[in-house]
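Open the model in your viewer and keep the selection tool at hand. The tour below goes stop by stop, saying what to select and what is there.

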Amino acid sequence: MASLPARTRYRYSLGSFVTGAFGTVPGLLLLKYLTDTMAVPAGVAGVIVFVPKAWDVLFNPIAGRLSDADLVRTGSRRRFLLYGGIGVSILFAALFAHPGFGDPVPDAIYVVVAFLLCATAYAFFQVPFNALPAELTDSAEERTKLTSVRIGFLAVAILISGGGAPAITDLIGGIAGYRVMGVFIAVIILLATLGVYFGLKDAPVGALRPNTVSPRELLRTLARWRPFRWLLGVYFIQALGIGTVLAAIPFFAERILGSSGYSTVLFVGFVGPALLTMPLWPKLGASLGKLAGFRIATAAFGVGLLGLLGAQGFPFAVTMVFVAFCGVGYAGISVFPLAILPDLISDEEERTGETRAGIAAGVWTASETLGLALGPGLWGLVLQFGGYRSSLDAKAAQPDSALTAILLGASILPAVLIVLGIPLLRKSVLERRP
């Protein structure tokens, strides 16, 4: 098949602004939105943030089957992309619109329903978006180029949405800040959706091979594929740690550093070094080995998180150095699992003579989604255990126990989760055989 036009790669990758925004902003701000504008107890808020994302994991296979059926019927997945993306845009704005019922219970119910519907719409966008590379080109080399451009767009999307959202809420303040932020992100999602839909109108289409896997086949594959399960375990635990860090940032900024305005600074200080060093990790992996590079990145992330323990006594510049360490380590633990996974897939396909890429991609995405969803839920439990006082205006004084919980929960807890990956990175299980 001919090379995929560069314009097709760029137009497809615009969808990363949808996935990046939806994957980042709710995990970063939704829990604080619930506790500090609706007075929802922290533990309940954690459950509210978790449940719709968990539903997304369960609903993805259903959305996949519907998307496959539409592909066979129409020869394209673009219609699902359009409807799903528009739905995410409208429902994201509704999620942060704050109904103002005047009572935490109906307000919380509104958020649950809006987030659940938004997650459902997102599944209809995400599934065809992830499946499109297989239908745009039959060439493995072209798919690699397409994925590289997509990852670059995703990094920019995370930086813009994750840095811009807290900046807007802090600049405007209160409920109005969340409403404006919700509309701002919704517009980005809508424009990205339209860009993908119209941009791929005349794109080439490769072989149309829907990949539908039965639950029995999925369980049989995972039961026999030990290296994949091992790597997946590392990835899930570290995704849980990352989800906890994202949820902790606004609370850490306001209650430990003393101003909600530091949220954007912390996020940019985290993502910026990650973007700069991401191209360097593969070179280190080529020199020392992928597993060795993965261990070094994990250790760097852990050191950065533990350094945040001294944030109340350190100069702010020193705290930002540790935040940068976190970002550098984050880049590495993002790169190496995705570098090791194709090796495991190739080995397993050679061993069994059966296709494994589709199964691996589905389970991998579900694991990441679940880990990132559990992170805010875990953070809500940390706040609840520390006695965090929810309020309607984010101005409630907090007991010392809550401040201690925020400090330890933003540093030691995610550090333990991230570093737990090191003993699981076993050479005997994960390294390719000659």
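## Stop 1: a residue with positive phi

Select Ala39: at 21% relative accessibility it counts as partly exposed. The cut-off for buried is under 20%. Ala39 sits in the loop that joins helix 2 to helix 3 (42-74), just after helix 2. This is a predicted model, and in it Ala39 has a positive phi of about 60° although it is not a glycine. Most residues other than glycine have a negative phi.

## Stop 2: the whole chain

Zoom out to the full chain. How many helices and strands does the chain have? The secondary structure comes to 17 helices and 0 strands. Of the 434 residues, 53% are buried. Colour by contacts if your viewer allows: among contacts between residues at least 6 apart in sequence, 83% join residues at least 24 apart. Switch on the surface, and the accessible area comes to about 18,100 Å², with 68% of that belonging to carbon and sulfur atoms.

## Stop 3: helix 2

Select residues 16-37, which make up helix 2. Its 22 residues should span 32 Å at 1.5 Å a residue, and the end C-alpha atoms are 30 Å apart, which agrees. Now centre on Pro26, where helix 2 has a kink of about 40°.

Is helix 2 enclosed by the rest of the structure or not? It is largely enclosed, because 21 of its 22 residues are buried.

## Stop 4: Lys32 and its partners

Stay in helix 2 and select Lys32. At 8% relative accessibility, Lys32 counts as buried. Show its surroundings: leaving aside neighbours within four places in sequence, Lys32 is in contact with Thr37, Tyr178, Pro250, Phe251 and Glu254.

Which side chains meet Lys32 in a salt bridge? The network of salt bridges links Lys32, Asp36 and Glu254, and the structure holds 2 salt bridges.

- Add Asp36 to the selection. The side chains of Lys32 and Asp36 form a salt bridge at 3.0 Å, N to O. These two residues are 4 apart in helix 2, so they are separated by about one helical turn. In an α-helix, residues three or four places apart point the same way, because there are 3.6 residues a turn. Asp36 is buried as well, with a relative accessible area of 2%.
- Add Glu254. The side chains of Glu254 and Lys32 form a salt bridge at 2.5 Å, N to O. Glu254 lies in helix 9 and Lys32 in helix 2, so this pair ties together parts that are 222 residues apart in sequence.

## Stop 5: Phe251

Move along to Phe251, one of the contacts of Lys32. Phe251 is found in helix 9 (residues 226-256). At 1% relative accessibility, Phe251 counts as buried. Leaving aside neighbours within four places in sequence, Phe251 is in contact with Leu31, Lys32, Thr35, Ile256, Trp379, Leu383, Tyr388 and Ile406. To try the distance tool, pick the C-alpha atoms of Phe251 and Leu383: they are separated by 9.6 Å, with these positions 132 residues apart along the chain.

## Stop 6: helix 4 and the loop after it

Select residues 78-95, helix 4. Its 18 residues reach 25 Å from the first C-alpha to the last, close to the 26 Å expected at 1.5 Å a residue. Which residues of helix 4 are buried? They are Arg78, Phe80, Leu81, Leu82, Gly84, Gly85, Gly87, Val88, Ser89, Leu91, Phe92 and Leu95.

Then go to His98, in the loop between helix 4 and helix 5 (104-136). Phi of His98 is near 55°, a positive value in a residue other than glycine. His98 is buried, with a relative accessible area of 6%.

## Stop 7: a nonpolar patch on the surface

For the last stop, show the surface again and select Leu306, Leu309, Leu408, Ile412, Val416 and Leu420. Together they form a nonpolar patch with about 460 Å² of accessible area. Which helix gives the most to the patch? Helix 15 (residues 400-419) does, with 3 residues. Val416 lies in helix 15, and at 46% relative accessibility Val416 counts as partly exposed.

Key
Residues are numbered from 1 along each chain as its sequence is written. This is a predicted model: local features need pLDDT of at least 70, side-chain atom pairs count only at pLDDT 80 or more; totals for chains, interfaces and linings use all residues. Side-chain values use heavy atoms; hydrogens and water are left out. Buried means under 20% relative accessible area, exposed over 50%, partly exposed in between (1.4 Å probe, protein chains only). Contact means heavy atoms within 4.5 Å. Accessible areas come from the Shrake-Rupley method with a 1.4 Å probe; for residues, only the protein chains shown count as cover. Patches are made of residues with over 30% relative accessible area and no salt bridge: like charges are joined within 9 Å, nonpolar side chains (Val, Leu, Ile, Met, Phe, Trp, Tyr) within 5 Å. A salt bridge is a side-chain nitrogen of Lys or Arg within 4 Å of a carboxyl oxygen of Asp or Glu. The expected span of a helix is 1.5 Å times one less than its number of residues. The bend at a residue is the angle between axes fitted to the seven residues ending there and the seven starting there.
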